[in-house]
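Open the model in your viewer and keep the sequence panel beside it. The tour below goes from one selection to the next and says what is there.

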Amino acid sequence: MDILLNQHRCHIDGQQAHRPLLAWLRESQGLFASKEGCGAGDCGACSVLVGRLENDQLVYQAVNACLVPVASLQGCHLITLDGLSPAEPHAVQQALIDCHASQCGFCTPGIVIAMLAWWLNTPANALRTNAQRQHHRQVFTQALSGNLCRCTGYEPIFRAAQGLAASTLGGDLTGQSLAGLSTQDIIGFLQSAGGTTQAAQGPQGIGYYQPHTEAQLALAFELAPHARVIAGSTDVGLEVTQQLQDHQSYIDLSRLPSLAGIELINDQLHVGAAVTFSQLEAYFSQHDSVISPAWLELLELIGSRQIRNRGTIGGNIANGSPIADTPPLLLALDASLVLQQGEVQRQLALRDFFLSYRQTALRPGEVITQIRIPMPSDKSQLCISKISKRHEDDISAVCLAMLSSQDDSGQLRCRIGVGGMAATPAIAVKAAEVVANQGDRQAICAAIGAEFNPLNDVRASADYRLQVCANTLYYWSRAGDSRAAGGQA
Amino acid sequence: MRKLPAAASFVTPKSASRIHESAALHVTGQARYVDDIPVPADCLHAYVGGIGVAAGKLTSLDLQPVKDYPGVVDVISAADIPGHKDIGPVFPGDPLLVEQSINYWQQPVVAVAANDRDTARRAAQVFTYEVEEQEAILDLSQAQQHQRQVRPSHTLRKGDVAQGMAQAEQQIKVQQSIQGQEHFYLEGQVALALPQEDGGVLLYCSSQHPSEVQKLVAEVLAIPMHLVVVDMRRMGGGFGGKETQAAQWACLAALLAVRNKRAVKLRLSRSDDMQLTGKRHAFVNQAEVGFDRQGHIQAVRAELHGLCGCSPDLSDAIVDRAMFHTDNAYYLPHAEITGHRWFQNTVSQTAFRGFGGPQGVMLAEQILDDVARAVGTDPLLVRQRNLYSPDRGMVTPYHQQVSGVELAQLIDELSETSAYWQRREAITEFNHSQQRYVRGLALTPVKFGISFTAQFLNQAGALVHIYTDGSVQVNHGGTEMGQGLHTKIGQIAAAELGLPLAAIKVTSTRTDKVPNTSPTAASSGTDLNGQATRMACVTLRQRLVEHLMAEHHCRATEVHFADGLVTWPRGNMAFAELVQQAYLARVSLSATGFYKTPKIHYDREQAKGRPFYYYTCGAAVSEVEVDRLSGMYQVRRVDILHDAGNSINPAIDIGQIEGAFIQGMGWLTSEELVWGDTGQLLSNSGATYKIPAIGDTPVEFNVALLANSRNEEATIYHSKAVGEPPFMYGVSVWSALRDAIYNASSVQGQRVNPPLPAPATPEQVLWALQTATEARQDG
């Protein structure tokens with residue numbers, strides 16, 4: 001397995017393949033610019049830039065180096081801050097210097113990388129009108145949502161971004177040079193290295209399998225039946241850095257064409273399980289539909305930009321977490337899953353997938369290949385709400401989604417998906433009945449309380465979870481009724 | 001006033017916004033932190049292990065399983081410490097490793113050295129032990145019930161509170177609960193120890209107090225301090241968390257390094273850093289307040305309960321500083337302020353930006369809000385009425401005469417520039433116009449006392465070398481943690497010697513260059529070390545001038561140093577040329593400088609004196625919008641006007657203000673420390689403990705320095721300390737949230753003003769909203 005590390009082609013052997021990228025960079029490559037602030041994808045100090053070919057276009061994204069195994073980046077161009085700009089400061093670096101945007105400097109390498117990804121991918125913006133300035137701020141906030149800074153309060157970083165707003169590239173890398181290489185050279189490497197090697201095997205069963213075909217996937221399961229299955233490794237990475245688990249074998253699903261792509265077929269949206277949150281965001285911002293606004297609202301609150309660049313919708317489901325962000329919305333939409341085990345394929349409604357805490361209907365050797373989302377009618381309404389202590393880069397205390405519509409008789413029909421309310425993501429059946437029948441806040445509260453017994457934990461109390469659910473559902477049920485929000489019914 | 005040597009003409013404030021000395025290194029990733037230093041090939045990695053018990057007695061310990069763990073080279077327990085086993089900074093109570101008594105969850109019992117860090121981390125968990133578990137004291141009521149204090153209570157008294165209270169037209173009781181705060185410096189605790197040929201050790205560590213690390217390492221190893229050198233180039237953030245609590249990891253690394261004659265690095269993981277190091281103190285504050293119908297405060301009787309954790313650490317001084325700031329900016333005719341220091345079976349809480357001051361200010365600001373609502377007047381007016389003023393009074397509860405505090409004018413200016421009154425009207429209109437969101441607005445001032453309250457700490461040293469090429473190296477006792485201290489020190493040396501900034505190199509802080517230094521804390525870094533550096537530069541300049549006088553027959557007052565050139569009436573020469581001539585004439589080109597803060601004194605027995613050389617002041621206005629469905633909120637706009645005196649570097653000072661505000665806001669909003677019933681910290685990672693992210697910043701954020709200001713005291717260039725005071729501007733966000741909650745009540749025709757525990761998480765805001773709006777309609 002090879003990667004292009006800054007200016008040099010670099011071979012990854014079987015013993016190195018599974019190591020967290022950050023440890024490998026700092027301990028084996030002597031590249032110290034990427035810092036370990038948290039080792040858990042929360043702070044962004046370890047961010048690196050990963051370049052790939054997407055539809056023959058060279059695309060760079062910021063990624064948390066602490067979470068990903070080295071080999072997951074095979075065939076990619078990896079830019080660390082050490083190698084970014086050998087001769088003189090890049091415009092992004094200069095802007096940060098000029099705006100006094102570093103204090104202790106420890107988060108700064110990650111800030112530069114995240115800003116660089118923004119600078120490369122965001123169309124230039126004039127900032128003449130209030131609307132332009134507001135849009136600029138939103139886009140930039142999204143780009144930096146995974147970078148914690150404890151010193152500056154972020155204001156000088158905003159100032160640096162304002163100065164750069166007019167010169168961002170919008171994805172056009174023609175004639176650019178990155179890490180001292182021309183884009184042609186980089187593309188040449190990526191074309192030659194991409195998809196050539198699927199496995200890096202070390203001694204004693206250590207191995208990293210990155211199948212490109214179904215057959216290779218089946219073989220990988222045969223060779224390494226106990227391997228940890230990953231796609232973006234945004235959660236499995238934590239098992240390594242936080243729980244000190246020693247995963248030496250991985251099966252990486254991120255390069256399987258059958259798990260890629262988004263397509264609308266017969267009023268059903270087929271989403272590949274390895275589609276990242278960032279790819280979903282791009283799709284919904286380009287395809288307006290009745291479900292797009294709710295999806296965009298949710299996606300912008302999932303983790304951070306770095307997490308969304310790696311995390312996949314399939315992983316979010318397969319992981320089986322009760323506080324996963326997408327299941328409430330998918331449950332409200334009555335989505336189903338396509339599951340594949342060798343040559344055997346089956347379809348399962350998402351509502352039947354979650355069995356108990358972190359237990360799913362997934363069988364050994366079986367993977368989710370696709371998520372199928374029925375498109376609701378244009379007259380229906382889809383609402384989403386994610387409640388957390390912090391807006392960006394946080395895990396929900398409660399996540400709620402509701403799909404509602406009126407049938408021909410004028411009766412309200414609704415389906416409600418909830419996260420953080422039980423041991424699994426769930427459908428709120430009783431509450432949906434009360435909401436459909438225009439019950440008041442207390443009735444909704446009673447229905448939610450009868451149906452769920454949420455946790456008291458570090459994120460919120462059970463009472464808060466119940467109350468927020470009731471308040472939100474009541475508000476949604478009276479959308480347009482100005483008396484709905486304030487006070488108690 | 002103390003007479004200072006003639007100052008070099010200093011560049012105007014605007015042109016002095018020099019960039020941070022490490023900015024170019026920061027943005028290219030070349031700035032080196034302790035974990036980036038290349039280590040010898042045989043370097044060992046150390047880690048600590050503890051027991052999941054908050055209170056207990058260790059009755060047996062077996063290290064054999066650790067020794068047998070593949071890759072382990074050495075393991076130690078308390079029995080292996082050759083010298084002092086307690087590293088308490090002021091009072092005992094902080095064992096390097098547990099001897100018998102376990103006082104908090106996972107308190108380190110063993111330290112392991114292994115060939116790699118992962119092995120050390122895993123092996124540190126495999127020792128076997130027996131523990132007699134004891135009842136843990138985890139909250140205030142348990143500590144009160146057992147009367148467990150880490151230090152005695154202390155009271156400030158002024159006037160006659162009983163009489164003042166009795167004569168007041170109205171009285172209220174105020175109660176508040178404030179949680180602690182995790183430092184969340186981005187660079188965690190780390191130390192690298194290199195054993196030396198003479199039994200000594202060279203340490204690289206991330207510490208605000210290298211001299212204390214040096215002393216403690218020497219005591220632990222039972223060797224003289226002259227065998228220990230601490231080198232500290234920069235920290236990836238400190239905020240107080242590396243004032244005393246960087247020492248333990250440095251001592252353990254040093255001990256293992258000397259035992260094994262190999263380099264040892266110890267770096268805590270984020271979750272262990274959060275679990276094992278102290279935080280800002282949680283406080284429970286209570287007060288009785290007497291006031292008249294206009295809201296003029298007559299008397300305050302306050303009790304401050306600081307939750308200190310399992311040892312004194314710096315808690316005596318921290319609770320004192322909370323008491324010193326219970327007046328904040330307001331004159332209290334009669335006051336009695338008592339501070340308690342309660343024990344808890346948690347990690348020992350420690351210094352954090354503001355050092356207790358913020359917890360005192362919080363009580364003051366809740367008092368002002370509650371008094372204003374009790375008399376039905378806008379809180380801003382009541383705040384203005386109660387400010388220290390020659391009419392009302394200028395003496396603090398600790399009997400210091402307030403001087404140099406221009407808050408009345410500053411608040412007038414800020415309420416004007418922030419359009420406080422127009423926005424107050426607009427907010428009322430908005431709150432009546434719809435039901436989902438409710439907005440609030442608050443202006444809160446800050447008056448923060450500058451000086452270490454431990455008088456002896458108010459001293460500093462510097463060592464300045466001029467080399468024969470005319471380049472200058474400056475060493476001083478302060479440490480760089482991002483605050484721009486070295487940049488300001490460089491500017492001072494450049495100004496004094498008339499050199500471009502590029503001619504000055506401020507080096508890493510080293511205990512063998514400048515000895516016996518104070519911690520870089522209490523906002524004092526530039527005040528103390530800047531003056532010491534200046535003294536050293538003045539000495540060197542005088543020597544050069546004397547040489548010039550002898551050679552060129554000019555008078556001392558006729559010689560000027562500017563732009564790398566030395567000029568006198570009949571000639572000039574390059575600074576470097578003069579230096580070379582002086583060297584050949586055998587003039588010493590190295591000098592020390594020393595400074596101690598004048599005028600301060602404090603008699604703690606009497607609780608009277610002048611603990612503070614001067615005050616740094618300012619005020620902030622914050623506007624928030626709360627979603628009544630969830631209690632989630634957004635800070636819409638913040639305006640700050642801050643008095644930095646004659647700022648040495650306005651850009652750096654504004655950076656301190658912006659950053660401190662956001663940090664203070666985080667403390668009171670999203671940053672929630674959650675402790676389990678067993679004394680375990682549950683919010684022990686970035687996933688569960690939420691410092692402000694970029695999206696939490698105010699949509700509009702205006703920060704300005706008070707124009708044409710000058711410290712009336714003879715501080716370095718008449719500037720004012722800036723590190724901590726702006727932290728307390730965050731209080732305006734909390735106060736604005738309370739205002740929003742009160743507004744939600746008054747929209748319904750009620751006037752309910754519920755308490756709002758800090759941090760005001762969305763959950764706390766929702767509960768307070770419910771209390772405010774559920775009360776009876778005729779309330």
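Start in chain B with V53(B), which sits in the loop between β1 (44-49) and β2 (56-62). Keep in mind throughout that this is a predicted model. Is V53(B) buried or exposed? With a relative accessible area of 9%, V53(B) is buried, since the cut-off for that label is under 20%. Show what surrounds it: beyond its neighbours within four places in sequence, V53(B) is in contact with I102(B), Y104(B), W105(B), Q106(B), V131(B) and E133(B). For a sense of scale, draw a distance from V53(B) to P698(B); their C-alpha atoms are 41 Å apart, with the two positions 645 residues apart along the chain.

Next, select residues 247-260 of chain B, which form helix α7. The helix has 14 residues and spans 20 Å from its first C-alpha to its last, close to the 20 Å expected at 1.5 Å a residue. Colour α7(B) by accessibility: 11 of its 14 residues are buried. Among them are W249(B), C251(B), L252(B), L255(B) and L256(B). Just after the helix comes K261(B), which has a positive phi, near 50°.

Now turn to the salt bridges, of which the structure holds 61 over all chains. Select K279(B) and E182(B), where the closest N and O atoms are 2.7 Å apart. K279(B) lies in the loop between α8 (270-276) and β13 (282-291) and E182(B) in the loop between β8 (170-178) and β9 (190-195) of chain B, so this pair ties together parts 97 residues apart in sequence. K279(B) is buried, at a relative accessible area of 0%, and E182(B) is buried with a value of 0% as well.

Move on to E625(B) and R439(B), whose side chains meet in a salt bridge at 2.7 Å, N to O. Here the partners come from strands: E625(B) is in β27 (residues 614-627) and R439(B) in β16 (residues 437-450) of chain B, so the link joins parts 186 residues apart in sequence. Both residues are buried.

Then pick E700(B) and R637(B), a salt bridge with its closest N and O atoms 3.7 Å apart. E700(B) belongs to strand β29 (residues 700-705) and R637(B) to strand β28 (residues 633-642) of chain B, so parts 63 residues apart in sequence are tied together. E700(B) is partly exposed, at 36% relative accessible area, whereas R637(B) counts as buried at 16%. To see how these pairs fit into a wider set, select R423(B), R439(B), E623(B), E625(B), R636(B), R637(B), D639(B) and E700(B), which are linked in a network of salt bridges.

Finally, show both chains. What does each chain bring to the contact? Chain A gives 72 residues and chain B gives 77 residues. About 6300 Å² is buried between chain A and chain B, with carbon and sulfur atoms giving 58% of that area. On the chain A side, select R150(A), L244(A) and K389(A): these lose the most area to chain B, together 15% of what that side buries.

Between chain A and chain B there are 8 salt bridges. One to zoom in on joins the side chains of K35(A) and D36(B), at 2.5 Å from N to O. Polar contacts across this interface number 33 residue pairs, both residues at pLDDT 80 or more. Among the chain A elements that give two or more residues to the side touching chain B are α2 (91-98), α3 (108-121) and α16 (462-477). The largest share, 7 residues, comes from α16(A). By residue class, that side of chain A divides into 30 nonpolar, 24 polar and 18 charged.

Methods. Residues are numbered from 1 along each chain as its sequence is written. Chains are lettered from A and ligands numbered from 1 in the order in which they are written. This is a predicted model: local features need pLDDT of at least 70, side-chain atom pairs count only at pLDDT 80 or more; totals for chains, interfaces and linings use all residues. Side-chain values use heavy atoms; hydrogens and water are left out. Contact means heavy atoms within 4.5 Å. Buried area is the accessible area (1.4 Å probe) that two parts lose on being put together, summed over both. A salt bridge is a side-chain nitrogen of Lys or Arg within 4 Å of a carboxyl oxygen of Asp or Glu. A polar contact is a pair of N or O atoms within 3.5 Å; within protein, one must be able to donate a hydrogen and the other to accept it, and residues adjacent in sequence count only if both atoms are side-chain atoms. Helices (H or I, at least four residues) and strands (E, at least two) are DSSP runs, numbered from the N terminus. Ala, Val, Leu, Ile, Met, Phe, Trp, Tyr, Cys and Pro count as nonpolar, Asp, Glu, Lys and Arg as charged, and the others, Gly among them, as polar. The expected span of a helix is 1.5 Å times one less than its number of residues. Buried means under 20% relative accessible area, exposed over 50%, partly exposed in between (1.4 Å probe, protein chains only).
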